[in-house]
Amino acid sequence: MEAVLRLTSYLAGQAQDLQRIPLDLSDLAPFQHRVAQVLRSTRPGQTITYGEVALLAGRPGAARAVGQAVKANPVLILVPCHRVVAADGPGGWSAFGSPEVKARLLALEAPRGR
């Protein structure tokens, strides 16, 4: 129930620490799991490139593999794939579907300043 309240508050624009919501990611492949851990460690409003995620997940140069892991993200928002951007700017699709949705989620997080 706490997870639902935190998520609802987050979507209403209230700062929430979603990292405190426990997740069982044991069904993910090892690389997908590492990508999820990297993404969960990002701060609200922070962006990170596919290449940076690959590096932090232990596979430098595997930006495309990060893209596939993000595409298969089973827990949207709690594993914040919307924070992953292209090296040349904010573009890039997310599991949410469009760059516009990604931009809206990032805008929702912007005032938090954490």
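Contact here means heavy atoms within 4.5 Å of each other. The structure is a predicted model, in which local features need pLDDT of at least 70 and side-chain atom pairs count only at pLDDT 80 or more, while totals for chains, interfaces and linings use all residues. Residues are numbered from 1 along each chain as its sequence is written, and side-chain values use heavy atoms, with hydrogens and water left out.

**Exercise 1. Describe the chain as a whole: its elements, its contacts and its buried share.**

Step 1. Helices (H or I, at least four residues) and strands (E, at least two) are taken as DSSP runs numbered from the N terminus, and the chain has 5 helices and 2 strands. Their order from the N terminus is α-α-β-α-α-β-α.

Step 2. Of the contacts between residues at least 6 apart in sequence, 54% join residues at least 24 apart.

Step 3. Buried means under 20% relative accessible area, exposed over 50%, and partly exposed in between, with a 1.4 Å probe and protein chains only; buried residues make up 38% of the 114 residues in the chain.

**Exercise 2. Locate the largest nonpolar core and name the helices that supply it.**

Step 1. A nonpolar core is a set of buried Ala, Val, Leu, Ile, Met, Phe, Trp, Tyr and Cys residues joined through side-chain atoms within 4.5 Å. The largest has 19 residues, of which Val35, Leu39, Ile48, Val53, Val66, Val70 and Val84 touch the most other members.

Step 2. At least two residues of this core come from each of α2 (30–40), α3 (50–56) and α4 (63–71), and α2 gives the most, with 5 residues.

Step 3. Apart from this core lies another one of 6 residues, including Leu18, Ile77, Leu78 and Leu105.

Step 4. For Val84, once neighbours within four places in sequence are left aside, the contacts are Leu39, Ile48, Thr49, Tyr50, Val53, Val70 and Lys102.

**Exercise 3. Characterise the packing of α2 against α4.**

Step 1. With axes as lines fitted to C-alpha atoms, for helices over the stretch in contact, and angles running from 0 to 180 degrees between N-to-C directions, α2 and α4 pack at about 80 degrees with their axes 9 Å apart.

Step 2. Angles of 65 to 115 degrees count as roughly perpendicular, those under 35 as roughly parallel, those over 145 as roughly antiparallel and the rest as oblique; α2 and α4 are therefore roughly perpendicular to each other.

Step 3. Phe31, Gln32, Val35 and Leu39 of α2 meet Ala65, Val66, Ala69 and Val70 of α4 in this contact.

**Exercise 4. Determine which residues of α1 are buried, and on which side or sides of the helix they lie.**

Step 1. In α1 (residues 2–11), the buried residues are Arg6, Ser9 and Tyr10.

Step 2. Because they cover an arc of only 105 degrees around the axis, taken from the directions from the helix axis to the C-beta atoms, they lie on the same side of α1.

Step 3. These buried residues pack against α5 (99–109).

**Exercise 5. Examine Arg40 and Ile77 in their surroundings.**

Step 1. Arg40 belongs to helix α2 and is buried, with a relative accessible area of 14%.

Step 2. Not counting residues up to four places away in sequence, Arg40 touches Leu18, Gln19, Arg20, Ile21, Leu23, Leu78, Val79 and Pro80. Arg40 and Pro80 are 40 residues apart in sequence, and their C-alpha atoms are 6.5 Å apart in space.

Step 3. Ile77 lies in the loop between α4 and β2 (84–85) and counts as buried at 12% relative accessibility.

Step 4. Most residues other than glycine have a negative phi. Ile77, although not a glycine, has a positive phi of about 75 degrees.
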